[in-house]
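Here is a short briefing to read alongside the model. Take a look at the sequence and the fold, and then let's walk through them together.

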Amino acid sequence: MLNTSTKTPTGGFSFENTRRNAVLEANLLEKGYSAPNARKTGTTIAGLIFKDGVILGADTRATDDMVVADKNCMKIHYIAPKIYCCGAGVAADAEVTTQMMSSNVELHSLSTGRPPLVAMVTRQLKQMLFRYQGHIGSSLIVGGVDVNGAQLYSVYPHGSYDKLPFLTMGSGAASAISVFEDRYKPNMEVEEAKQLVRDAITAGIFCDLGSGSNVDLCVITEKTVDYLRGYDQPVQKGLREGTYRYKPGTTAVLTKTVTPLTLDVVDESVQVMDTE
Amino acid sequence: MNTRGLRSQLKDSVPVTGLCPQAGPYGVQDSLRRGFSSVKNELLPSHPLELSEKNFQLNQDKMNFNTLRNIQGLHAPLKLQMEYRAARQIQRLPFLPSSNLALDTLRGSDDTIGFEDILNDPIQSEMMGDPHIMTEYKLGIL
């Protein structure tokens, strides 16, 4: 197609290939194959407000349909010095969304001259996700401490949000929320709260196929932020009991034929290299 | 001037089946500028976000001007639109990318990062518009 465009190009999403992709998918479907899917994180993420602040927890498995794509990925992303965000859903979308949010928050707080508010992060996230009508498939839990205290928000891919004292999201959310609903109390101590989040994520790891590997925790208080990567490893790879190598001579040799290949030197030439 | 005037600038140019077969100035397919016509092209759905993204900036401006008019009176959007118009005229040659810094500052998007800054940055695009054709289009000769 003649590509003499008379308009100035703009940035952002380009929808040029949507028709081509639709045709390709239809063709593949006729033959019985399915188009490749975006890699999802198939996650368990959780957040909880305790006496001094907020604890965010996540598992570390990323799945590609039914195959584990990454055994130790980081799902707790940095947004601001006292604000972190766990991302579930499509891995790339969650990653890019949180990176963009982090840059925007930095610019905004430079512009206002004040430390950022968790509510501001939530608002920008939900406005952006609503603009794209759920096509950006990232569900996020935003937690942090600002001048208004410790806060926890969850944002869904279509742009709705909730503000609650404890939250879970991802494919393992049901398992994790059951642990929270059973044992959550307001104003818990640090160690008790860390144990509870760890138990919730572990429930997601064991009861959900899309979550696995380790538990990451992030404890945010007014004074400190503790990013505990690999806080707990409930699922260890098993040790092999024996060796599975065959001893030489296991397979009996029945026949043996030797065919010698005689090679004659036909031509010999020397080429000098320019090694200067 | 009312904000309804902005509606004339809205682009509903995603092809709809049978209604507007990419007609040029003479009413037939403009092969030079839009390429060959293809029924398949116009039957398949484009992305649901394509139209809303094309008009997003315009819709945002419309909404903001309406709110401003309701709060501060007619003079506020009038003055702002005058400034937007002036800032929009500060451009380089038609085929060269302009930073649009004045326009961005007026809109307040000079301290935000969106997908239009990360993806498909026009400054880094591999294809450049043909200088002659773009200048002639701008001058109205083409």
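How many bridges join strand 11 of chain A to strand 12 of chain A? There are 5 bridges, and the two strands run antiparallel. This is a predicted model, where local features need pLDDT of at least 70, side-chain atom pairs count only at pLDDT 80 or more, and totals for chains, interfaces and linings use all residues. Residues are numbered from 1 along each chain as its sequence is written, chains are lettered from A and ligands numbered from 1 in the order in which they are written, and side-chain values use heavy atoms, with hydrogens and water left out.

**The sheet of chain A**
- In chain A, 5 strands (DSSP E runs of at least two residues, numbered from the N terminus) form an open antiparallel sheet in the order 10-1-2-11-12; strands pair if DSSP finds at least two bridges between them.
- Strand 10 (166–169) and strand 12 (225–232) of chain A each have a single partner strand, so one side of each has no neighbour in the sheet.
- Ile220(A) stands opposite Val225(A) in strand 12 of chain A.

**Helices on the sheet**
- Helix 4 (residues 173–183) of chain A packs on the sheet, touching strand 1 (45–49) and strand 10 of chain A; contact means heavy atoms within 4.5 Å, and helices are DSSP H or I runs of at least four residues.

**Chain B**
- Chain B has 8 helices and 0 strands.
- Buried residues (under 20% relative accessible area, 1.4 Å probe, protein chains only) make up 20% of the 142 residues in chain B.

Definitions and conventions. Buried < 20%, exposed > 50% of the residue type's maximum accessible area, 1.4 Å probe, protein only. Axes fitted to C-alpha atoms, helices over the stretch in contact; angles between N-to-C directions.
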